[in-house]
Amino acid sequence: MNYHKYYPVDVVNGPGTRCSLFVSGCVHQCRGCYNQSTWSLDSGFPFTQELEDHIIADLQDTEIKRQGLTLSGGDPLHPQNIPAILQLVKRVKNECPGKDIWVWTGYLMSELTPEQQEVLEYINVLVDGKFVQDLADPALIWRGSSNQVVHKLR
Ligand code: SF4
């Protein structure tokens, strides 16, 4: 998996103070996408073991307490991202108790493959659906257009 940006302290992409990872790779090609540079799986930088360890350490930091981890992109549920995302969310659940995980995807929750659904077992919230420019509304919280749904899984 490749990624574009990692923010160790982020207060805008999800509730509270968070760590946020924006991964590479998206097939949805939404009109008006604000992140077109992330569409190619080859764009950005390799997601290394060092960065994975760094994210876990940031979530365990007791000086700047994080509420949890945000995964966005690009699309964290792009089929080619699933192995690395699964490994990361499993580690967060095992090594960072009490931290929540929010995931943004262009897929619909009802259409996820079994492999994509496995990720849902480890996360707290899934925001699903493509960005639809005609339904865009800046007043919406945690989503760009009104077709998208914030699924609170646990
Ligand atoms: S799902 Fe997100 S990253 Fe992908 S094209 Fe749509 S808005 Fe852009």
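Here is a short briefing on the fold, the core and the ligand surroundings of this protein. The model is predicted. It shows a protein with three helices and seven strands, and 34% of its 154 residues are buried.

**Fold and overall dimensions**
- Following the chain from its start, you will meet the elements in the pattern β-β-β-α-β-α-β-α-β-β.
- The radius of gyration is 14 Å, which agrees with the value near 15 Å for a compact globule of 154 residues.
- Along the principal axes, the C-alpha atoms occupy a box of roughly 45 × 30 × 30 Å.
- Among contacts with a separation of 6 or more, 63% link residues 24 or more positions apart.

**The nonpolar core**
- The largest nonpolar core holds 24 residues, and those touching the most other members are Leu 69, Leu 71, Val 89, Val 92, Ile 101 and Val 103.
- At least two residues of this core come from each of β2 (18-23), α1 (49-60), β4 (68-72), α2 (82-95) and β5 (100-104).
- Leu 71 is a good residue to click on: beyond its neighbours within four places in sequence, Leu 71 is in contact with Leu 21, Val 23, Pro 76, Ile 85, Ile 101 and Val 103.

**Around the ligand**
- There are 13 residues around the ligand, and Cys 26, Cys 30, Cys 33, Gly 106 and Phe 131 come nearest.
- By type, this shell comprises four nonpolar, seven polar and two charged residues.

Methods: Residues are numbered from 1 along each chain as its sequence is written. This is a predicted model: local features need pLDDT of at least 70, side-chain atom pairs count only at pLDDT 80 or more; totals for chains, interfaces and linings use all residues. A residue is near a molecule or strand if its C-beta atom, placed from the backbone, lies within 6 Å of it. Ala, Val, Leu, Ile, Met, Phe, Trp, Tyr, Cys and Pro count as nonpolar, Asp, Glu, Lys and Arg as charged, and the others, Gly among them, as polar. Helices (H or I, at least four residues) and strands (E, at least two) are DSSP runs, numbered from the N terminus. The radius of gyration is taken over C-alpha atoms; the globule rule is 2.2 Å times the number of residues to the power 0.38. A residue is buried if 20 or more other C-beta atoms lie within 10 Å of its own, exposed if 12 or fewer, and partly exposed in between; C-beta atoms are placed from the backbone. Two residues are in contact if their C-beta atoms, placed from the backbone, lie within 7 Å. A nonpolar core is a set of buried Ala, Val, Leu, Ile, Met, Phe, Trp, Tyr and Cys residues joined through C-beta atoms within 7 Å.
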